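Here's a quick briefing to read with the structure open beside you. Have a look at the fold first, then work through the points below.

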Amino acid sequence: MSETFDAIVIGAGQAGPSLCGRLTERGMTVALIERHLIGGTCVNTGCMPTKALVASAYAARLARRAADYGVVIDAPVSVDMKAASARAHKVTLDARTGNETWLAGMKGLTLIRGHAHFVSQDTIAVGDRQLTAPRIFLNVGGRASVPDMPGVHDVPLLNNRSIIALDTLPEHLVVVGGSYIGLEFAQMYRRFGARVTVVEKGPRLVAREDPDISEAIRGILEAEGIAVRTGAECISFRPEPDGRIAVGVDCESGEPEVVGSHALLAVGRRPNTDDLGLDVAGVAVDARGYIQVDDRLATNVPGIWALGDCNGRGAFTHTAYNDFEIVAANMLDGEDRKLSDRILGYALYIDPPLGRVGMSEGEARKSGRPIAIATRPMTRVGRAVEKGETQGFMKLIADADTHELLGAAILGTGGDEAIHGILDMMNAGQTYDVLRWAVPIHPTVSELLPTLILGLKPAQ
């Protein structure tokens, strides 16, 4: 006999619990199903533990630079990996416990632990239980992708989940994948004291970004002693007799193999949709397994929505949360919010961080619009000079005719925060003429945004 609810939410990541909160506030009965840890990737294996480790790595780097600030440290700086790991674990545990306490006190919510799968379009099985609801929301997230590379199953590779569980320092970490996740771990472990090599199949790092951003990021990493191998067209893995891992890189230059004590595979993500029984319900997915949704997060099956990483429409905590906001606003508040209205911003949390919003220069050029571009090195940002952190630059792209803000990148200290000055103006639909006359606080990185606008010049 089925248990009947007003709504079923599968997955307790960023979108699911908040949606449960809105639905139960309206008097609905809701079943929330989670087979692993409350909080999803962000809380347990993503943002929170990694940024806690990034903070430890930053502290180590700053301590080693103490003399640059006139500070004397008498002993060599070292990192207690067990303490750094324990700190990150506590950050995660505190957040997860807070979420669990919140859900436990949510009137109208039934939290069910276990693996959920469809048995019909409106019925979900969890073990021996069957749950039925007219509204089903999928928030099942994603996991690290493991491509079919030679030898990939013959060696003990790390992923984003297993590497944060390390409490010892690798002697030589080989990071396969030169994008956002891989580069954060590369710099982090280099600052902890490991030898680090980054292996990237493509011709440059973070290929989604403009070449000038990509090259600046490479320079930042190499300046800290990280070896970067790009153009690795044929990556392979082979176990060494002593337990080390040989990574075949087949680059245009350099040794054909890199041998490390540990190897991290960070070459993308895949959705957790393969064991949901989506075919039983008739829910459409694309070739990679992402659930197809319309502009309001609805699937092709009436009464079923997909939110967060599993729909392929955003790979960030904040986009997952915004998916919840869109669904809740449309369903409960009489609004008409759409995915296509979202202006995407994100960050790369190396140090200094990269804050990004909107179009890159390459995307703006491809749009066919007349564009204007401005750049400013962080060496000409007072706040960066005062902090002794002058790597990187600021970049702004605008429509030369309409003065619409199209996108921006801030690679530099505080870039992940300062980018919101552009992001907020774009969300408000304001031209750069409005931002030009803002009176920002001194001394900050954001205070240079009006000055950056004055430097806009037509693209050649």
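What follows is a run through sheets, salt bridges, cysteines, a surface patch and one buried loop residue.

Keep in mind that this is a predicted model. Two open sheets are covered here, one of 5 strands with parallel pairing and one of 6 strands with antiparallel pairing. On the side-chain front, the count comes to 30 salt bridges, while a search of the whole structure turns up 0 disulfides.

**The parallel sheet**

- Reading across this open sheet, the 5 strands come in the order S4-S3-S2-S8-S18.
- Which strands stand at the edges? Strand S4 (109-113) and strand S18 (304-306) do. Each has a single partner strand, so one side of each is left without a neighbour in the sheet.
- Neighbouring strands here are turned by 15° against each other on average, with direction ignored.
- Zooming in on one pair, strand S3 (residues 30-34) runs parallel to S4, and 5 bridges join them.
- If you want a register check for that pair, Ala31 has Thr110 in S4 as its bridge partner.

**The antiparallel sheet**

- The other open sheet has 6 strands, ordered S19-S20-S23-S22-S21-S24.
- Its edge strands are S19 (345-348) and S24 (457-458), and each of them pairs on one side only.
- Inside the sheet, strand S22 (residues 393-399) and strand S23 (residues 405-411) run antiparallel and are joined by 6 bridges.
- For the register of S22 and S23, look at Ile397: its bridge partner in S23 is Gly407.
- As a general reminder, strands of a sheet pair through backbone hydrogen bonds, and that goes for parallel and antiparallel pairing.

**Salt bridges**

- Some background: side chains of opposite charge can pair when their charged atoms come close.
- Asp94 and Lys90 make a salt bridge with an N to O distance of 2.7 Å. Both sit in helix H4, 4 residues apart, which is about one turn of the helix.
- How accessible are those two? Asp94 is partly exposed at a relative accessible area of 43%, and Lys90 counts as exposed at 51%.
- Glu257 and Arg238 also form a salt bridge, with their closest N and O atoms 2.7 Å apart. Glu257 is in strand S15 and Arg238 in strand S13 (residues 236-239), so this pair ties together parts that are 19 residues apart in sequence.
- Both ends of that link are partly exposed: Glu257 has a relative accessible area of 34%, and Arg238 has 35%.
- Asp242 pairs with Arg244 in another salt bridge, where the closest N and O atoms are 2.9 Å apart. Asp242 counts as exposed at 52% relative accessibility, whereas Arg244 is partly exposed at 34%.
- There's a network too: salt bridges link Asp210, Asp212, Glu361, Arg365 and Lys395.

**Cysteines**

- Why doesn't Cys47 form a bond with Cys42? The closest cysteine sulfur to that of Cys47 is the one in Cys42, and at 3.2 Å it is too far for a bond. The cut-off for a disulfide is a pair of cysteine sulfur atoms within 2.5 Å.
- Cys47 is partly exposed, with a relative accessible area of 30%.
- Cys234 is partly exposed as well, at 42%.

**Surface patch**

- Which residues make the nonpolar surface patch of about 320 Å²? They are Leu62, Tyr69, Val71 and Ile73.
- Val71 belongs to the loop between helix H3 (47-64) and helix H4 (81-104), and Val71 is partly exposed with a relative accessible area of 43%.

**A loop valine**

- Where does Val249 sit? You'll find Val249 in the loop between strand S14 (245-248) and strand S15 (257-260).
- Buried or exposed? Val249 is buried, with a relative accessible area of 0%.
- For a sense of distance, Val249 and Phe324 are 75 residues apart in sequence, and their C-alpha atoms are 42 Å apart in space.

Technical notes: Residues numbered from 1 in each chain as written. Predicted model: local features only at pLDDT ≥ 70, side-chain atom pairs only at ≥ 80, totals over all residues. Heavy atoms only, no water. Patch = residues over 30% accessible without salt bridge, like charges linked within 9 Å, V, L, I, M, F, W, Y side chains within 5 Å. Areas by Shrake-Rupley, 256 points an atom, 1.4 Å probe, with all protein chains shown as cover. Salt bridge = Lys/Arg side-chain N within 4 Å of Asp/Glu carboxyl O. Buried < 20%, exposed > 50% of the residue type's maximum accessible area, 1.4 Å probe, protein only. Pairing = 2+ DSSP bridges. Axes fitted to C-alpha atoms, helices over the stretch in contact; angles between N-to-C directions.
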